[in-house]
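The following note sets out some points for discussion with a colleague at the bench. Please read it alongside the display below.

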Amino acid sequence: MSLLPIITLPDPILRQKSTPVERVDDDLRRTLDDMLETMYDAPGVGLAANQVNIAKRFIVVDAGNNSDDDDTETRNPICLINPEIVSRSDTMRSCEEGCLSLPDVRVDIERPERITVRYLDRAGEPVELEAEGFLANVIQHEVDHLDGRLIIDFLSSLRRDVIVRRFKKLARQG
Ligand code: ZN
């Protein structure tokens, strides 16, 4: 396994809509393992393929024991290939989110509290998962990435522009 470089704003791949995976094979499984290692190393709780420069629809997440205030270190990695959120609860939950592609940016985001997501697992088998709480937040954040959506899109355009300009300046300075 190896660590992959994480793409940050303003790289255009973060704004691209990723395309579906056609085949679940050993190459993909190796990439998923590398993404998990990269995510744990960062450390983060989720990573989408375009954040490591692959414009395909797969994500890895680990919301731990699915509780906000318990810090026991149980690993619970989930790999979701071609994830599709097929239902969302009316009840909402708000969470302060960060993003490995937007270092030092935190945004309060309200999202549906419970979702049902369909995906292929790393064996290529279809799975339907009901997620709630923190896990549901993380999955929605990562699926947003596959559609080119970022946490700053939940801000006013004024606040978003300030952040985008800061990242552009940082990129220019190298
Ligand atoms: Zn993110």
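1. The protein, given here as a predicted model, contains 3 helices and 7 strands. Read from the N terminus, the order of elements is α-β-β-β-β-β-β-β-α-α. The radius of gyration is 16 Å, close to the 16 Å that the globule rule gives for 174 residues, so the protein is as compact as a globular protein of that length.

2. The C-alpha trace spans about 45 × 40 × 30 Å along its principal axes. Of the 174 residues, 43% count as buried. Among contacts with a separation of 6 or more, 67% are made by residues 24 or more positions apart.

3. As to the surface, the accessible area of the protein comes to about 9,600 Å². Carbon and sulfur atoms account for 46% of this area. The protein carries 23 positive and 33 negative side chains, and the centres of these two sets lie 8 Å apart.

4. Which residues coordinate the zinc ion? The donors are Cys-99 through SG, and His-141 and His-145, each through NE2, at 2.0 to 2.3 Å. Their spacing in sequence is C-x41-H-x3-H. Cys-99 and His-141 link distant parts of the chain, being 42 residues apart. Cys-99 belongs to the loop between strand S4 (92–97) and strand S5 (107–112), whereas His-141 lies in helix H2 (residues 133–146).

5. Are these two donors, Cys-99 and His-141, buried or exposed? Buried means under 20% relative accessible area. Cys-99 has a relative accessible area of 10% and is therefore buried. His-141, at 8%, is buried as well.

How values were computed:
Residues are numbered from 1 along each chain as its sequence is written. This is a predicted model: local features need pLDDT of at least 70, side-chain atom pairs count only at pLDDT 80 or more; totals for chains, interfaces and linings use all residues. Side-chain values use heavy atoms; hydrogens and water are left out. Helices (H or I, at least four residues) and strands (E, at least two) are DSSP runs, numbered from the N terminus. The radius of gyration is taken over C-alpha atoms; the globule rule is 2.2 Å times the number of residues to the power 0.38. Buried means under 20% relative accessible area, exposed over 50%, partly exposed in between (1.4 Å probe, protein chains only). Contact means heavy atoms within 4.5 Å. Accessible areas come from the Shrake-Rupley method with a 1.4 Å probe; for residues, only the protein chains shown count as cover. Lys and Arg count as positive and Asp and Glu as negative; His and the chain ends are not counted. The place of a charge is taken as NZ of Lys, CZ of Arg, CG of Asp or CD of Glu. Donors are N, O and S atoms within 2.8 Å of the metal (3.2 Å for Na, K and Ca); water is not among the atoms, so sites may look incomplete.
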